[in-house]
Amino acid sequence: MKALNLHAVGDLRYEDVPMPVRQAGEVLLKVHACGICGSDLPRVFTKGTYHFPTIPGHEFAGEIVEADDPSLVGRRAAVFPLLPCRKCEACQVGEYAQCSDYDYYGSRRDGAFAEYIAVKEWNLVFFDDSLSYEEAAMCEPAAVALHAIGQASVGIGDTVAVLGAGPIGIMLGLWARTAGAFRVILCDIDPTKVEFARKQGFDAVNSRETDPVEYIRTQTGGRGADACIEGAGVAQTWEQALKAVKSFGTVVSMGNPAGDMTLTQKGYWEILRKQLTLKGTWNSSYNDVRNEWRTALAAIASHRIDVRPLISHRFPLSEADKAFGVMRERKEFFNKVMFINR
């Protein structure tokens, strides 16, 4: 089969690789759609994966073509990419995202930048043909955004500010509206992303032209947002979130930082004087009590969370250079860039 195989940092090859060998308890999935996550850029070009070669790709959906249970063949599924150890304390209470010894499709083991992948049955989230493979492949970022909104404890009538208007930033806004937020403000330094957010019905501000802290305060009568979510992984936006949130408000740190995160004395005072609640968010909940993947997929299928406008680019695997070039060169607007296997 064909796949994008990472042999070393910066050495991603479109090549023939052996078909996956399905083990007991696994299905063979024909991958129809796989999104490129922002984390895939450093994984491919600067940091690498946990071993070489590795096939990246963890936002995917496809069709089951082989399984122990014949009734599964032909069914469609998205895939939760984390494989928990099931032995640590976190796993014992079903908090698999906090597993201390997990495996992961697309970084620690082969992922879905390929025509086929063998995946555990436990990781499958099924959907029917009323939903496209492309939409279902958006389940991973949608579930991550849903988890962050839960950490922010968004309620009816709240004002929510999101620092960063990329694909997950937009989905944060969509979930916040679904949770009952009265006002959602998205902030970004990229004017094309700001304009896209406005087209989705959000109040959006260009942080290069307008101080986002002052803007949020103005829009809330000087009070500040009930919750701020930092989605860029930048020290400046983290401090802006602390300054833009109300007293006794909540700040959720979500963005993956490219380097150290520093805080000024004034920024630290915001935490103390306003008695803020600071929360981290990581991945999503996937268990029988709280399964944000099933919730996200149902919301996508009903278009309560409409991800279709977020898919801006589609490429075959053979055009990986073009796909990654769109994201790295930033010469044109993009949101979610996706590989499609017909």
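A cavity is a set of points on a 1 Å grid over the protein atoms alone where a 1.4 Å probe fits but cannot get out, and a pocket is an open set with protein on both sides within 12 Å along at least five of seven lines. Lining residues have an atom within 4 Å of a point. Grid points are joined across faces, edges and corners, and a volume is the space filled by probe spheres set on the points.

This is a predicted model, in which local features need pLDDT of at least 70 and side-chain atom pairs pLDDT 80 or more, while totals for chains, interfaces and linings use all residues. Residues are numbered from 1 along each chain as its sequence is written, and side-chain values use heavy atoms, without hydrogens and water.

**Exercise 1. Find how many cavities of 30 Å³ or more there are, and describe the largest cavity.**

Step 1. The count is one. The volume of the largest cavity is about 30 Å³.

Step 2. List the lining: Gly94, Glu95, Tyr96, Ala97, Ser284, Ser285, Tyr286 and Asn287.

Step 3. Sort the lining. Ala, Val, Leu, Ile, Met, Phe, Trp, Tyr, Cys and Pro count as nonpolar, Asp, Glu, Lys and Arg as charged, and the others, Gly among them, as polar. That gives three nonpolar, four polar and one charged residue.

**Exercise 2. Describe the second largest pocket.**

Step 1. Its space is about 250 Å³.

Step 2. Its lining has 17 residues, and Pro20, Val21, Ile55, Asp110 and Ala118 are the closest to the centre.

Step 3. Strand β8 (residues 116-120) gives the most to this lining, with three residues. Here helices (H or I, at least four residues) and strands (E, at least two) are DSSP runs, numbered from the N terminus.

Step 4. The lining of this pocket divides into 11 nonpolar, three polar and three charged residues.

**Exercise 3. Work out the order of the open sheet of six strands, and find its edges.**

Step 1. Read the order: β12-β11-β10-β13-β14-β15, with parallel pairing. Two strands pair if DSSP finds at least two bridges between them.

Step 2. Find the edges. β12 (203-206) and β15 (277-280) each have a single partner strand, so one side of each lacks a neighbour in the sheet.

Step 3. Take the twist. Neighbouring strands are turned by 20° against each other on average, direction ignored. Axes are lines fitted to C-alpha atoms, for helices over the stretch in contact, and angles run from 0 to 180 degrees between N-to-C directions.

Step 4. Check one pair. Four bridges join β14 (residues 245-253) to β15. Ser253 has Gly280 in β15 as its bridge partner.

Step 5. Add the helices. Helix α4 (residues 139-152) touches β13 (225-230), β14 and β15, at about 150° to β14. Contact means heavy atoms within 4.5 Å. Helix α6 (residues 191-199) lies across β11 (183-188) and β12, at about 170° to β12.

**Exercise 4. Locate Pro53 and Ser153.**

Step 1. Pro53 is in the loop between α1 (40-45) and β4 (59-67). A cis peptide bond joins Phe52 and Pro53, with omega about -5°.

Step 2. Ser153 is in the loop between α4 and β10 (159-163). Its phi is near 55°, a positive value in a residue other than glycine.
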